[in-house]
Amino acid sequence: MEMISIQKIEQPKQKPDIHGIPFGTYFSDHMFLMDYVKGQGWINPRIVPYGPLHLEPSAMVFHYAQEIFEGLKAYRRADGGIQLFRPIENIRRMNNSAERLCIPEIPEDLFMEALKQLITLDSEWVPSEPNTSLYIRPFIIATDPHVGVHASHTYIFCIITCPVGSYYPEGMSPVRIMIENRDVRAVRGGTGYAKCGGNYAASLRASESALAEGFSQVLWLDGVYRKNIEEVGAMNVMFKINGKIVTPELAGSVLPGITRKSSIELLKSWGYDVEERTLTIDELIEAAQNGTLEEAWGTGTAAVISPIGEIRYEGKDYFLGGNTAESLNVIGPLTQKLYDTLTGIQWGTIEDSNNWIEPVC
Ligand SMILES: *Cc1c(COP(=O)(O)O)cnc(C)c1O
């Protein structure tokens, strides 16, 4: 494995106050960079002070969106140590995304080493207040200076990090979501299972209009039949219907979330039936009407678990857990248990019996 060179910042930046810090705005002192040149592979791995990248306006990423990214967090334990949650899953998913977008894959051990060295060097940036963490954003961009459509021959791999506060500073509370029937996020055969910026660009119009109408997320339907539930915003989605857990299967258009995978594994270990299958909007609405839709939540690294309190479909509002407006503010017991268990493992207050934790220092 190639040695990672380190160029330290001369004057460390002042750290922002973690209380009320906006998500993803303040970046730590250093970043990891590595170049790809066709014929030479990934070269020149290095940690340097955080700062602007210099790119040609003709760089391919600006025109054809050949770009992928990841998102994970480093957590401070009570004993002062720092740990990651299933980082190998992020590394492998990034390489799967890379394959879909004709981007060269990154050796797993080099990627892991880059994460650990960067976090160790910037360890003072990992906050220690409850529910805070260091968000880690690895990404790859195509850099050929060429306005012509082909897979780039050169790339930059970069990792930046930023301290983030509690996702729920006022405590976890259920959100209102809206079923989207104009735009679709992804289709089978497209890039839905890859974590690429282009998917997000295509999702903005729907989420902007949902926000304008007072909803916090959209519930995406499939692109062909406009019937099957796929994801909620940029999270995977799960429903508790009549005691069983139902979540859309991974069939190409749904992003294979690591929080989704971990939730399924926990739920099964607790004895729940978890069905990864097609779930139509008709089945969901019927369950909401007859009171068997007990709980619903989104899963993702940023929020971990996001309880859903209300679903709007064709102008009508459906509420979770009994379908009355009072239930909007109630967090289901299983939703809460999942959140408590996952976050307990992530911050090291619950034993990691699944070997999900990767210590950094
Ligand atoms: C990243 C992402 C998720 C959640 O994945 P996690 O690994 O749980 O953070 C879900 N859906 C989309 C579209 C995503 O980009």
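This passage describes the pockets and cavities of a predicted model, and the ligand held in one of them.

A good place to begin is the largest pocket, since the ligand sits there. The space in this pocket comes to about 890 Å³. A total of 39 residues line the largest pocket, and those nearest its centre are K195, Y200, A234, M235 and A302. Several elements of the fold take part in this lining: the strands β7 (133-142), β8 (154-164), β10 (217-221) and β15 (293-300), together with the helices α4 (197-212) and α5, each contribute at least two residues. Helix α4 provides the largest share, with seven residues. Sorted by class, the lining of the largest pocket holds 19 nonpolar, 14 polar and six charged residues.

Attention can now turn to the ligand itself. Around the ligand there are 14 residues, and K195, Y200, E231, T259 and T301 come nearest. Two of these names, K195 and Y200, are also found among the residues nearest the centre of the largest pocket. The shell around the ligand is made up of five nonpolar, five polar and four charged residues.

Three side chains in this shell can be followed down to single atoms. For Y200, an N or O atom of the side chain is 2.7 Å from an oxygen atom of the ligand. For T259, a polar side-chain atom lies 2.6 Å from a ligand oxygen. For T301, the distance between a side-chain N or O atom and an oxygen atom of the ligand is 2.6 Å. The protein buries 96% of the 380 Å² that the ligand exposes when taken alone.

The second largest pocket offers about 220 Å³ of space. Its lining consists of 18 residues, with R188, D222, N228, E230 and S253 closest to the centre. By class, nine residues in the lining of the second largest pocket are nonpolar, four are polar and five are charged.

Beyond the pockets, the whole structure contains two cavities of 30 Å³ or more. The largest cavity encloses about 110 Å³ of space. Its lining is formed by 14 residues, and K73, N131, Y167, A302 and W347 lie nearest the centre. Of these, A302 is already familiar from the largest pocket, where A302 is again among the residues nearest the centre. The lining of the largest cavity comprises nine nonpolar residues, four polar residues and one charged residue.

The second largest cavity holds about 80 Å³ of space. The residues that line this cavity are G71, L72, K73, Y75, F85, N90, I258, T259, T301 and Q346. Strand β5 (72-76) and helix α5 (258-269) each supply at least two of them, and β5 gives the largest share with three residues. Four residues of this lining are nonpolar, five are polar and one is charged.

Some residues of the second largest cavity link the sites described here. T259 and T301 both belong to its lining, and both are listed among the residues that come nearest the ligand. K73 also lines the second largest cavity, and K73 is one of the residues nearest the centre of the largest cavity. Helix α5 has a part in two sites as well, with at least two residues in the lining of the second largest cavity and at least two in that of the largest pocket.

Notes. Residues numbered from 1 in each chain as written. Predicted model: local features only at pLDDT ≥ 70, side-chain atom pairs only at ≥ 80, totals over all residues. Heavy atoms only, no water. Near = heavy atom within 4 Å. Polar contact = N/O pair within 3.5 Å; in protein donor to acceptor, adjacent residues only side chain to side chain. Areas by Shrake-Rupley, 256 points an atom, 1.4 Å probe, with all protein chains shown as cover. 1 Å grid on protein atoms, 1.4 Å probe; cavity = no way out; pocket = protein on both sides within 12 Å on 5 of 7 lines; lining within 4 Å. Sits in = over half its atoms within 2 Å of the grid points. Nonpolar A, V, L, I, M, F, W, Y, C, P; charged D, E, K, R; others polar. Points joined across faces, edges and corners; volume = space filled by probe spheres on them. Helix = DSSP H or I, 4+ residues; strand = E, 2+ residues; numbered from the N terminus.
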